[in-house]
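User: I have a structure open and would like to go through some of its local features. Could you take my questions one at a time?

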Amino acid sequence: MTFTASQLLALLPLLLTTGAMVALMLAIAWKRCDDTAFVVTIAGLNLALFSLPIVMAQGDQGVTPLLQIDGYAVFYMGLVLIGALATCTFGRSWLKGYPDNREEFYLLLLIATAGGLVLAGSRHLASLYIGIEMLTLPMFGLVGYAYRERHSLEASIKYMVLSAAATAFLLFGMALLYAQAGSLSFSDLGLTLATTPAHHPLLMGGLGLMLVGFAFKLSLAPFHLWTPDVYEGAPAPVATFLATVSKIAVFCVLLRFYLAVPAAADPMIHWLLAAMAVVSIVIGNLLALLQTNIKRMMGYSSISHFGYLLAVIVASRLGQMPVEAAGVYLLMYLFTSLGAFGVISMMSSPYRGKDADSLHSYRGLFWRRPYLTAVLTVMMLSLAGIPMTLGFIGKFYLIGVTVDAKLWWLSGAIVLGSALGLYYYLRVMVTLYLREPGMQLRDAKGDWAITSGGLVVLLSAALVVALGLYPQPVISLVQGFQNVVLH
Amino acid sequence: MIPWYQNLPLWVTFLPLLGALFLLFVPKGSRRTFELGALAFTVADFLLSLPLWFQYNRHDGGVQWAFSADWIPSIGVKFSVGMDGISLVLLLLTTLLGFIVVWCSFTAITERHKEYYIWLLVMQFSMLGVFITQDMFQFYLFWELMLVPMYFLIAIWGGPQKLYAAIKLFLYTLAGSVLMLVAILAIYFLQLKVTGKADMSIASFQAMAGVIAHQSHTFQILLALAFFLGFAIKVPMFPFHTWLPDAHVEAPTAGSVVLAGVLLKMGTYGFVRFLLPIAPGATKELMPYFMTLALIGVIYGALVAMIQKDMKKLVAYSSVSHLGLCMLGLFALNPNGITGGILQMLNHGISTSALFLIVGIIYERRHTRLIAEYGGLSKTMPLYATVFLIMTMSSIGLPGLNGFIGEFAILQGAFQAAPWLAVLATTGIILGAAYMLWLYQRAMFGPISETNAKMADLNLREIAYFVPLLAAAFWIGLYPKPLLNVLEAPVEKLVRQITPTYYDQVDLTKGQKEAAKVGMAGMPAPAEAETHEEAEPSHGGGH
C-alpha cells in the first residue's frame, strides 16, 4: 500500500497524537517528571488540534480502507481533541495531591484520545472496533486511577467487566453482518445489504447485537446501569473524559454507520432506536431527580442527553439537517460538560481522597466562590436548555429535527425530558445559593481561576454564553464541516 | 443610522441591563449605592419610555419603531424590534412598575443587596424585551430568560417554602413554553416548505395563518393547543394556576408585584400576539372550551380567594379570577372583548400590584400576613387605609376607577359572543366585591390590638410610590379615551386577522352598533360620559 502526501497529511492529528504517546513513554522511561509529561501531552494534543486546518485543506481523503478523513471526521476530531486537552488541564490540578505515579495518567489519556480520533474517521468495522477498544481499554486504568479509593476501584472493575461484555456483543454483531455481506467496510455493507430482503434474521441479529454494544458505550437505556457508579467512582477529570470524548467519538461513528448502511433504517431497527431514545430520556431524567451526588446526577443526565441525540439518529433519514443538529448539540454538550465537570474537578483538586461530589459540598458556594458558582450556574442552565446559553441552541435544533421529521411523539418525549431535567438542574442551582453550612469539608483552591484548568472552565462558560447569544459562528462552523463521505 | 430617539424601545429595554452591568462592578458593602443605583436606572428608564406615548402614531395599527438586524442568518433569525399600541401600553406599565418595585424593596430586603438589585434589573430587561420583540426566536429567548431572575428572586429572598415555590414556578412555565417551542418550529418548517425561505419574524408567522388554515384539522388543533398551553400556564388559567399562589406567597413583595403586574401579562400578551392571529380557525373552534375554562377561573378564583386566611394568598387567587375575566374578553374575539381584555391586563397590573404592595407594607411592620392578626388599622394608619380603600375599589371595578372600564368592555364583548358566559361571569365580579370588601373590613375596622396600635402609618417613600399607581387608576377610570385611542388601531388589525370580514358585517348591521350605543347609555354615572366616548372608537373602525 502506498500513501500519497495528502493522505499522510490527512492523518496528521492521529500521527501527532501517537507521536506524543511514544515520546511520553520514552520520557517516562528516562526520567519520571509529571511536569514534562504534562508538557509533552499538551504539546502533542495542541499540535494535533492546530493541524486540523491542514487536514481540512487536503479535502476529503480516504486513507486506507479503514479511515475516511472528511469534514465530518475533522469536526469530531476537533471535539475529541478539545475534550482531551481540557481533561489534561483538570487532571493536572487533581494530580497535584496524588501520592503515586502521575505520568501514566497522561499516557492513558493520549491512548484513549487516539482511539477517539480513529473513531471520528472510521469507515470500516475493523477500525470501528480498534477505535472503540483503544478508547475503552485505557479508561479502565483511568477510572481506577485513584485505586486507594474503594469507589474508584469498584467503578473500574465494574466498567471493565460490563464493557468487555458489551464489546463481545459488538464483535458478534459484526461477525453476523460479515457473514451476510462478506465485507466489513461501511459502504460495501450499505450496498450489499440494500439488496438483502427486509427482516433478514442474520442482518437483524447482527445490527441488533451491534446496537447493544453501541448503547452500552453511549449508556443508553436499558444498558445504562454502569453509568452512575462509574461516574461517581471515576476521578472528576476522568469522568469529564468519559462524559465527553468517549461518548462523542462513539456517537460520531454510530451516526456515520447509520447513514452509510441503509439497512440500519429497517423499520424494526428504527423503532428499536426510537424506543431506546424515549426510554433513555425518561429513565435518565427520572433517576436523576433524586440524586444527592452531583457526579451521579451528571451521569444520569448524560443518559438523557444521549437519548436526545439518539432521537437525531432516528430522524436522520427523514429530515434535512440531522448531521448539523448532531454537530451543534454535541458541541454544546462538550463545552457544557467541560464546564460542569471542570467545576467539580476544581472543587476536588488537588487529590485528597474522595471527590467533592455530594451536593452538600456545594451548599452556599456562591458566597465563597462567586465566579466558580456563576460558571456552574451557566452550565446547569445550558444543560437545561434555557435561552441565552448554547444549550438552548442545541435544544432548538433537536426539537427542530424531530418536528421536521414529523416525529411528534419524539418531540413530546423531549418536551417531557426537558421539564423533568430542569428540576434537578435547578436543585443544584438552588444549593449553590443557599446559606452556607457551618462546617466546610471541601473547597476549590483560592487561586483556582489562574490554574490552567480554571482557565478552561472560564473559557467554556464564556463560550457557552457568547455562542448562546450569537450562535451564528457555531452554525457556520458545523455547516462547514458537515460533508460526510459515505461511499 | 437612525437617530437614537427614534429607536427608543431599544434603549428603554437595554437601559436596565446596562444598570445591572453597572451594579455588577460596584464593590459590595454599601447598601445605599445599590438601592439608589437601581432606583436611578429604573426611574431613568421610566422617563425614557414616556416619550414613546407621544411618538406613537395612533392611526397606524402596525408595527412602529421597527428596527432589525441580522442575528442568525442560517435559520432566519433577526434581531428585530418594534411595537404596536398593545405592546406600548404594556411596556409603559412595565417601566412604571419597574421603579416602584425597586423603591418598595429599600427596607424589605435586608441582605445580599447587590445580587438582589442586579436580578431585579435583569428581570426588568427580559420583560421589556418580550414586549418589543418582533421575532419569534427572540421572543422565546426573552420569554424563558425571564424565569431565571424570577427564580432567583424567589429562591434566595423568598419565604419559608421558597425553594418549592421557585422550582414549581420554573417547571410549570418551562413545560408549557417548550411545547410552544415545538409549535413554533412546526410553523417554521411548514413555512420553509411552502415559501422556501427561513424566516422567524412574527409578521411572517402571522402571514402563515392562511397556509395553516389549509393544513389537516388535527395539525391545526394541536398547534393551537400547544400555544394555548404555553400561554395558559403563564396567565395562569384554571386548571394550570396552582403555581401562582405558591409563588406569590413565597416571593418577596417586589417579586409578587412584578409577577402579578407584568409576568402574568406575558401569557395574555402571547394570546393576543400569537395564538389569535396565527391560528384563528382552530381558536374559533376551541373558543367555547377556552371561554369555559376562563369562566371557571373567574368563579373558582373568587371562591377560593374568599376563604383565604392569608392576605397575600387572597390577592393571589383574586389574580386568577381577574385574569380569567381578561381571557374571557380576549376569547370573545370581538373588538370590545379584546380591548377590554387588554385594559384588564393593564388594570390588573395597577390594582393588584398595588394590593401586593399594601400587603407588603404591613408584613414589613408585623411579619405576618394572617388577616386574623389585624383589625382596626384604619385608626392608626389613616393614609394606609385610604390607599387600601381606593385600590380595593379599583380591584372590584367601582365606576370611576380603572377596573370598571375593563370589566365593562369585557362583559360587553363576552355578551356578544356567548351571552350565558357573560351572565355567569358577573357572579365572579360580585364575588370579587365580596372577598375584597370583607378583607378590607376585617383588616381595617373593628377593635384594634395593642401591637397593631403601635404600627406606623405610611412614610414618605411609601406614599411616593403609591402616587403614580393612584394617579393611573383615576386617570384610566375617569378619562380612558387616550388609552383607547392607542389600542384602537392595533385591535382593529387583530380582529381583521381573526375574522377578515368582521367589520363588514358590523357595517351591514348598523342596528347592532346602535344597540351597543344604547347599551352604553344605560350605564351608571359618573363614568357615563367617558365610557360613551370610549365605546366610540372601538366601534368606528369599519368606516
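Analyst: The following exchange covers cysteines, selected buried residues, a pair of helices and some backbone details, and the model is a predicted one.

User: Cysteines to begin with. How many disulfides does the structure hold over all chains?

Analyst: The count over all chains is 0 disulfides. Cys33(A), for instance, takes part in none, and the nearest cysteine sulfur, which belongs to Cys88(A), is 15 Å away. A disulfide is a pair of cysteine sulfur atoms within 2.5 Å.

User: Is Cys33(A) buried, partly exposed or exposed?

Analyst: Cys33(A) is partly exposed, because its relative accessibility is 25%.

User: And Cys252(A), where does that lie?

Analyst: Cys252(A) belongs to helix α12 of chain A, which covers residues 236-260. Cys252(A) is buried, because its relative accessible area is 0%.

User: What is Cys252(A) in contact with, beyond its neighbours within four places in sequence?

Analyst: With those neighbours left aside, Cys252(A) contacts Tyr72(A), Tyr76(A), Leu119(A) and Ala120(A). In addition, the C-alpha atoms of Cys252(A) and Leu117(A) are 10 Å apart in space, although 135 residues apart in sequence.

User: Moving on to Ser122(A). Where is it found, and is it buried or exposed?

Analyst: Ser122(A) sits in the chain A loop between α6 (103-121) and α7 (125-143). With a relative accessible area of 0%, Ser122(A) is buried.

User: Which backbone nitrogen lies 3.2 Å from a polar atom of the Ser122(A) side chain?

Analyst: That nitrogen is the one of Leu128(A). Leu128(A) also appears among the residues in contact with Ser122(A) once neighbours within four places in sequence are left aside; the others are Leu66(A), Leu67(A), Ser127(A), Phe186(A), Val253(A) and Arg256(A).

User: Next, Val375(A). What does it touch, not counting residues up to four places away in sequence?

Analyst: Val375(A) touches Gly339(A), Val343(A), Val457(A), Leu458(A) and Ala461(A) on that basis. Val375(A) itself is part of helix α16 of chain A, residues 370-384. Its relative accessibility is 4%, so Val375(A) counts as buried. A separation of 8.6 Å is found between the C-alpha atoms of Val375(A) and Ala462(A), which are 87 residues apart along the chain.

User: Now chain B. At what angle do the axes of α12 and α13 of chain B cross?

Analyst: The axes of α12 (residues 253-278) and α13 (residues 280-306) of chain B cross at roughly 110° and come within 6 Å. These helices, α12(B) and α13(B), are therefore roughly perpendicular to each other.

User: Which residues make that contact between α12(B) and α13(B)?

Analyst: From α12(B), the contact involves Leu275(B), Leu276(B), Pro277(B) and Ile278(B), while α13(B) contributes Pro280(B), Thr283(B) and Phe290(B). By class, the contact residues comprise 6 nonpolar, 1 polar and no charged.

User: Where are there cis peptide bonds?

Analyst: One runs from Ala221(A) to Pro222(A), with omega near 0°. Pro222(A) is in the loop between α10 (201-217) and α11 (226-233) of chain A. Another joins Phe238(B) and Pro239(B), with omega about 0°, and Pro239(B) is located in the loop between α10 (217-234) and α11 (243-250) of chain B.

User: Last topic: which residues have a positive phi without being a glycine?

Analyst: Met388(A) is one of them, with a phi of about 75°. Met388(A) lies in the loop between α16 and α17 (390-404) of chain A and counts as buried at 15% relative accessibility. Trp65(B) also has a positive phi, of about 55°. Trp65(B) is in strand β1 of chain B, residues 64-72, and counts as buried at 11% relative accessibility.

Conventions:
Residues numbered from 1 in each chain as written. Chains lettered and ligands numbered in written order. Predicted model: local features only at pLDDT ≥ 70, side-chain atom pairs only at ≥ 80, totals over all residues. Heavy atoms only, no water. Axes fitted to C-alpha atoms, helices over the stretch in contact; angles between N-to-C directions. Helix = DSSP H or I, 4+ residues; strand = E, 2+ residues; numbered from the N terminus. Parallel < 35°, antiparallel > 145°, perpendicular 65-115°, else oblique. Contact = heavy atoms within 4.5 Å. Nonpolar A, V, L, I, M, F, W, Y, C, P; charged D, E, K, R; others polar. Buried < 20%, exposed > 50% of the residue type's maximum accessible area, 1.4 Å probe, protein only. Polar contact = N/O pair within 3.5 Å; in protein donor to acceptor, adjacent residues only side chain to side chain.
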